[in-house]
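User: I should like to learn how to read burial, strand pairing and a ligand shell from a set of coordinates. Could we work through one example?

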Amino acid sequence: MLHSNLLRLVARGGPKRWMSTTTKLTSVEVNDKTGIATLTLNRPPVNSQNVQLLVDLQSSIGEIESNKSRGLILTSACSNVFSAGLDILEMYNTDEERLRTIWTELQNAWIALYGSSLPTAAAINGHAPAGGCLLATACEYRVMLPKRLIGLNETQLGIIAPKWLMSGFLNVLPQRVAERALTQGRLFTTEEALAEGLVDEIANTKEEALEKCAAFIGSFTKVNPLARSLTKLQFRAENIKEFEKIRKKDVEDFVALASRPEVQKGMGIYLENLKKKSKK
Ligand SMILES: CCCCCCCCC/C=C/C(=O)SCCNC(=O)CCNC(=O)[C@H](O)C(C)(C)COP(=O)(O)OP(=O)(O)OC[C@H]1O[C@@H](n2cnc3c(N)ncnc32)[C@H](O)[C@@H]1OP(=O)(O)O
């Protein structure tokens, strides 16, 4: 029975994917030809990052690292949004313990991706504001669909992105461009992002974006994987060291800031405006 099933698979050219697993809000598929894993965020409608999504993301990254994949492509199952950043609903009207958990899991998810020894790329098939941009810039390469928005817009919300959260952004943009964009809370269109170097390529479809990401990861085929990953981590070591020094205090700073009545009030207004806009 097993033998005949195997023969049928071989006759069809074998299974295209040799592994596909789904946690609740993320899924992983490994292409058997390339050995590259695609990690998909799947929390419709906008992949807003609640604790569960952040925990599932870490677990999927861990799984991809332990199954000896050749690289990781991060993408979204939502049709027009890569990720809308932190789930503002989860930060609003909540207690300090929840805020502590949200921020700790955001830190954990970021360091898992930023510090991954694998080649990483983001197929940005939709808007990527705030925490969406954070995940995209934690990767080594970005391919984005036209006419979408990406950037760190925290100051527009009246909040401040801590230094570690800017690390990926600062890795790819000149200091002057990054400083201006962060102080303005600017969201770049795909085309502007390409011109500044915030994204590396534009693709017309998600499939094309995935192919371009796979080609980037494939460019390391002839490079010794250990030499590659140690070189990558040398570039990131300083940011990682600085982050480790402040990560506990950073959680407490976030909790203190996010619990302030005026910040909570601001989040409430921001949410109201988002809802009004989406009803239009
Ligand atoms: C702070 C302390 C300081 C401490 C210091 C903190 C540093 C903070 C670091 C990181 C902060 C963040 O990530 S804060 C998050 C910042 N994110 C944003 O500003 C993005 C806001 N969203 C958008 O701009 C848009 O939704 C966008 C992503 C472009 C997609 O537009 P669309 O037209 O496709 O979709 P919409 O109709 O707008 O949205 C669909 C539904 O999703 C909801 N929605 C959209 N984004 C959401 C979000 N981030 N969290 C929850 N819900 C969201 C809308 O309200 C709608 O709900 P219904 O009406 O019910 O259907």
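Analyst: We begin with burial: a residue is buried if 20 or more other C-beta atoms lie within 10 Å of its own. The model shown here is predicted.

User: Which residues lie on each side of S3, and are they buried or exposed?

Analyst: In general, the side chains of a regular strand alternate between the two faces of the sheet. In S3, one side carries Ile-36, Thr-38 and Thr-40, the other carries Ala-37, Leu-39 and Leu-41, and all of these are buried. Because 6 of the 6 residues of strand S3 (residues 36-41) are buried, the strand is largely enclosed by the rest of the structure.

User: How should one read the pairing of S3 with S2 and with S4?

Analyst: Strands of a sheet pair through backbone hydrogen bonds, in either a parallel or an antiparallel sense. Strand S2 (residues 26-31) is antiparallel to S3, with 5 bridges, and Val-28 stands opposite Leu-39. The two strands form a hairpin with 4 residues between them, and Gly-35 in the turn has a positive phi of about 75°. With strand S4 (residues 71-76), S3 runs parallel over 6 bridges; here Ile-36 has Gly-71 as its bridge partner.

User: What unit do S3, H2 and S4 make?

Analyst: They make a right-handed β-α-β unit. Helix H2 spans residues 51-66 and includes Glu-65.

User: Why is Glu-65 classed as partly exposed?

Analyst: The class lies between exposed, at 12 or fewer neighbouring C-beta atoms, and buried, at 20 or more. Glu-65 has 15 other C-beta atoms within 10 Å, and is therefore partly exposed. Leaving aside residues up to four places away in sequence, Glu-65 touches Ser-116 and Leu-118. Its C-alpha atom is 9.6 Å from that of Ala-37, 28 residues apart along the chain.

User: Which strands stand at the edges of the sheet ordered S6-S8-S9?

Analyst: This is an open sheet of 3 strands with mixed pairing. Strand S6 (128-129) and strand S9 (188-189) each have a single partner strand, so one side of each is left without a neighbour in the sheet. Strand S8 (residues 149-151) is joined to S9 by 2 bridges in the antiparallel sense, with Ile-150 partnered by Phe-188.

User: How many residues surround the ligand, and which are the closest?

Analyst: The shell holds 30 residues, the closest being Ala-84, Gly-85, Ala-130, Gly-131 and Ser-278. Helix H3 (88-91), helix H10 (225-259) and helix H11 (261-279) are the elements that give two or more residues to this shell; H11 gives the most, with 5 residues. By type, the shell divides into 19 nonpolar, 7 polar and 4 charged residues.

Note on methods:
Residues are numbered from 1 along each chain as its sequence is written. This is a predicted model: local features need pLDDT of at least 70, side-chain atom pairs count only at pLDDT 80 or more; totals for chains, interfaces and linings use all residues. A residue is near a molecule or strand if its C-beta atom, placed from the backbone, lies within 6 Å of it. Ala, Val, Leu, Ile, Met, Phe, Trp, Tyr, Cys and Pro count as nonpolar, Asp, Glu, Lys and Arg as charged, and the others, Gly among them, as polar. Two residues are in contact if their C-beta atoms, placed from the backbone, lie within 7 Å. Two strands pair if DSSP finds at least two bridges between them. A crossover is right-handed if, with the strands pointing away from the viewer, the path from the first strand over the helix to the second runs clockwise.
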